[in-house]
Amino acid sequence: MMNNKLVVLGAGWLGSALVRDAKASGWQVQATRREAHVDEDIKAFCVTDSVLHHSITLDAAYWVCAIPPRMRQSETLYLETLRLALETAASLKCRGFLLCSSTAVYGTDSGHFDEQSPLAPKDTTRQQILQSAEHMVLEQNGKIARLAGLVGPSREPGRFISGKHLSSSSQALVNMVDQQDVVNGLLRIISNWQSAKPVYNICHPAHPTKQDYYQQHCTQYGSEPPSFASDESVARVIDGTLITELGFEYRHDI
């Protein structure tokens, strides 16, 4: 592993965990944040007025874009940032580009969704962003990791959902995954780049109802359970088993 190199775009909640584990495994890593950082391995990478400002120097590296697709900026800026990232990666002889996307790309309807399932209609800005970003990366022979709802350190469901009124149904099924399983999955895809498929879902195989799931977490956390808009049965299941063909295992409860 000592010769492996990794660039992580977006050293936020997920990206920082990926950087930590990659370094611990002997990877040479550079990561990016928009703001200045004291860590010499955290590089500048931002777009202003269609101009890319970056200080990435790692060549022949794998790249992971961990910038959340639900960007607060406009759709245009997110996609422009991704386009320029792909160009920069190519100029630095990138060995492979992996985009962290979202299982939201399948929409909200009931059904069983694996990597071959049709995507939702592009009738919302979020769908336009997700699908345009994925298309851009796949066109450049990159790969996609579609992530389910993320939990883990500082993202305890019993805290962030406490007392809220949710617009979803109490009987809707949960599609979640722990941060550590995502990090392990991303590293597994990169380590098996040549044999890996273009798209993987990363979602824990357990799918309890939202009522049961949040009740359990709120009880453990000592917080007030949420309320729901309805009790309608909604069986939307994201199938995250394909990635296990790479020898990956889901090891962390949701």
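Q: Which residues of strand 8 are buried on its two sides?
A: Strands and helices here are DSSP runs, numbered from the N terminus (strands: E, at least two residues; helices: H or I, at least four). Buried means under 20% relative accessible area, exposed means over 50%, and partly exposed lies in between (1.4 Å probe, protein chains only). In a regular strand, side chains alternate between the two faces of the sheet. Both faces of strand 8 are covered, with K143, A145 and L147 buried on one side and, on the other, I144 and R146.

Q: What kind of model is this?
A: Residues are numbered from 1 along each chain as its sequence is written, and side-chain values use heavy atoms, leaving out hydrogens and water. Local features need pLDDT of at least 70, side-chain atom pairs count only at pLDDT 80 or more, and totals for chains, interfaces and linings use all residues, since this is a predicted model.

Q: Why is strand 8 described as largely enclosed by the rest of the structure?
A: Its two sides are both covered. Strand 8 is largely enclosed because of how many of its residues are buried: 5 of the 5.

Q: Which residue of strand 12 stands opposite R146?
A: Two strands count as paired if DSSP finds at least two bridges between them. Strand 8 runs parallel to strand 12, joined by 4 bridges. Opposite R146 stands N201.

Q: Which residue of strand 8 is the bridge partner of C100?
A: Strand 6 and strand 8 pair in the parallel sense, over 5 bridges. Within strand 8, the partner of C100 is A145.

Q: In what order do the strands of the open sheet stand?
A: Strands of a sheet pair through backbone hydrogen bonds, either parallel or antiparallel. This open sheet has 8 strands with mixed pairing, and its twist averages 20 degrees from one strand to the next. The order is 4-3-2-1-5-6-8-12.

Q: Which strands stand at the edges of the sheet?
A: An edge strand here has a single partner strand, so one of its sides is left without a neighbour in the sheet. The two are strand 4 (51-54) and strand 12.

Q: Which residue in the turn between strand 3 and strand 4 has a positive phi?
A: Strand 3 (residues 42-48) and strand 4 run antiparallel, joined by 4 bridges. Among the facing residues, C46 stands opposite H53, and V47 has L52 as its bridge partner. The two strands form a hairpin with 2 residues between them, and the turn residue with a positive phi, about 50 degrees, is D49.

Q: Which helix gives the most residues to the largest nonpolar core?
A: A nonpolar core is a set of buried Ala, Val, Leu, Ile, Met, Phe, Trp, Tyr and Cys residues joined through side-chain atoms within 4.5 Å. The largest one has 43 residues, and L6, L186, I189 and I202 have the most contacts inside it. Elements that each supply at least two of its residues include strand 1 (5-9), helix 1 (13-24) and helix 5 (179-191). With 6 residues, the helix that gives the most is helix 5.

Q: How are helix 1 and helix 5 oriented to each other?
A: Axes are lines fitted to C-alpha atoms, for helices over the stretch in contact, with angles from 0 to 180 degrees between N-to-C directions. The two helices pack at about 60 degrees, with axes 10 Å apart. Angles under 35 degrees count as roughly parallel, over 145 as roughly antiparallel, 65 to 115 as roughly perpendicular and the rest as oblique. Helix 1 and helix 5 are therefore oblique.

Q: Is E134 buried or exposed?
A: E134 lies in helix 3 (residues 125-139). Leaving aside neighbours within four places in sequence, E134 is in contact (heavy atoms within 4.5 Å) with L99, S101, V105, L119, I144 and R146. With a relative accessible area of 3%, E134 is buried.

Q: What is the phi of K93?
A: Most residues other than glycine have a negative phi. K93 lies in the loop between helix 2 (75-91) and strand 6, and K93 is exposed, with a relative accessible area of 61%. Although K93 is not a glycine, its phi is positive, at about 60 degrees.
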